[in-house]
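The following note is offered to a colleague who has asked for a reading of one structural model. The points are numbered so that each can be taken up separately.

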Amino acid sequence: MSRRLSVVMIAKNAADLLPDCLASVAWADEIIVLDSGSEDDTVGIATRAGAKVFSNTEWPGYGVQRQRAQRYASGDYILMIDTDERVTPELAQALRAILEAPQPGAVYSIARRNYFLGRFMRHSGWYPDRVTRLYERERYQYNDNLVHESLEAPQAQVIALSGDLLHLTCRDFVSFQRKQLNYAAAWAQERHQRGKKTSLPGIFAHTLGAFCKTLLLRGGVLDGKQGWLLAVVNAQYTFNKYTGLWALNHGYSEKE
């Protein structure tokens, strides 16, 4: 007997992205949307599409918010996606096949095709960019990380699925940069709370390393001009993370 699938997502002000995302998983047994206080028509779009919509406006970080969203699900398996992602027909077919005969205790990874300034990247560390997103609801959940959260399944067998998850990472560069800056701030705050420290040489070493890793080690040069730009963006993001941590370490923050 096929296992029931709950597609779970967290959302905020995603009215422009949500319709295509929901359409790509309309075949699932249920769709759970946990809204974080949208001021656009996110809630209305999700409701009209048949999703079960809930709200939590006290932001606890990405990991805990995903945990809260999962608690509303009733399916045997969870497919955790974001509003800027779309399940391709090939991936949907692979998901349905797994639900017919899943491997108990296993979790499933999916290749993401990440979009950056007009191009779905094929290198640069952005493809296949496998993420573990399909898992048993009662057995696993996400960790508590404020940002860059991941599924807690350290001993589980990871099975790779065929088909891609399309990820509209960067359609608008300014919005993308704002999101990256928020991620960097959350990363720095989390590491500071855990007692992590960095130095000025460490900031620049990590920044240069991020540029070289993206462009050379991960083949960004093969992605053309977008590969070069992404190498700079990754270096900038790394600089923001470590400089934010350095500032917190030295008390150079109004929040301290």
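**Charged pairs, cores and aromatic contacts**

1. R48 is exposed, with a relative accessible area of 61%. Its side chain meets that of D41 in a salt bridge, at 2.5 Å from N to O. D41 has a relative accessibility of 35% and therefore counts as partly exposed, since that class lies between the 20% limit for buried and the 50% limit for exposed residues. The model is a predicted one, and side-chain atom pairs such as this were counted only at pLDDT 80 or more.

2. The count of salt bridges comes to 14. A second case is the pair E85 and R133, whose side chains meet at 2.8 Å, N to O. E85 lies in strand β5 (residues 85-87) and R133 in strand β8, so this pair ties together parts that are 48 residues apart in sequence. E85 is buried, with a relative accessible area of 0%, and R133 is likewise buried, at 7%. For the pair of R48 and D41, by contrast, the classes are exposed for R48 and partly exposed for D41.

3. A further salt bridge joins the side chains of R139 and E136, with an N to O distance of 3.2 Å. Here R139 is partly exposed, with a relative accessible area of 49%, while E136 is buried at 16%. Which residues are joined into one network by salt bridges that share partners? They are E85, R112, D129 and R133.

4. The largest nonpolar core has 30 residues, and those with the most contacts inside it are V7, M9, L79 and L134. At least two core residues are supplied by each of β1 (5-11), α1 (18-24), β2 (30-35), α2 (42-48), β4 (77-80), α4 (89-100), β6 (107-116) and β11 (158-170). Helix α4 gives the most to this core, with five residues. In soluble globular proteins, nonpolar side chains tend to be buried together.

5. The surroundings of L134 deserve separate mention. Apart from its neighbours within four places in sequence, L134 is in contact with L5, Y77, I78, L79, L95, I98, V107, Y108 and L161. A second, separate core holds 15 residues, among them A69, A73, I78 and Y135. I78 is thus a member of that second core and also a contact of L134.

6. Helix α3 (residues 62-71) is mostly covered, with seven of its 10 residues buried. The buried residues are G63, V64, Q65, R66, Q67, A69 and Q70. They pack against β1, β2, β4, β8 (131-136) and β9 (141-142). One of them, A69, is buried in α3 and is included in the second core.

7. S109 is placed in strand β6 and is buried, with a relative accessible area of 6%. Leaving aside neighbours within four places in sequence, its contacts are R130, V131, T132, V158, I159, A160 and L161. L161 also appears among the contacts of L134.

8. The structure holds 10 aromatic pairs. The rings of W59 and Y62 have centres 4.8 Å apart and planes at 85°, so this pair is edge-to-face. W59 is partly exposed, with a relative accessible area of 43%, and Y62 is partly exposed at 25%. Y115 and F120 form another edge-to-face pair, with 5.1 Å from centre to centre and 70° between the planes. Y115 is partly exposed at 21%, and F120 is partly exposed at 24%. Ring pairs also link W59, Y62 and Y183 into a cluster.

9. What makes up the nonpolar surface patch of about 290 Å²? The patch is formed by L200, F204 and F239. F239 lies in helix α7 (residues 224-249). Its relative accessible area is 33%, and F239 is therefore partly exposed. This value also meets the patch requirement of over 30% relative accessible area.

Notes. Residues are numbered from 1 along each chain as its sequence is written. Side-chain values use heavy atoms; hydrogens and water are left out. A nonpolar core is a set of buried Ala, Val, Leu, Ile, Met, Phe, Trp, Tyr and Cys residues joined through side-chain atoms within 4.5 Å. Buried means under 20% relative accessible area, exposed over 50%, partly exposed in between (1.4 Å probe, protein chains only). Helices (H or I, at least four residues) and strands (E, at least two) are DSSP runs, numbered from the N terminus. Contact means heavy atoms within 4.5 Å. Patches are made of residues with over 30% relative accessible area and no salt bridge: like charges are joined within 9 Å, nonpolar side chains (Val, Leu, Ile, Met, Phe, Trp, Tyr) within 5 Å. Accessible areas come from the Shrake-Rupley method with a 1.4 Å probe; for residues, only the protein chains shown count as cover. A salt bridge is a side-chain nitrogen of Lys or Arg within 4 Å of a carboxyl oxygen of Asp or Glu. Rings of Phe, Tyr and Trp (its six-membered ring) pair if their centres lie within 6.5 Å; planes under 30 degrees apart count as stacked, over 60 as edge-to-face and the rest as tilted.
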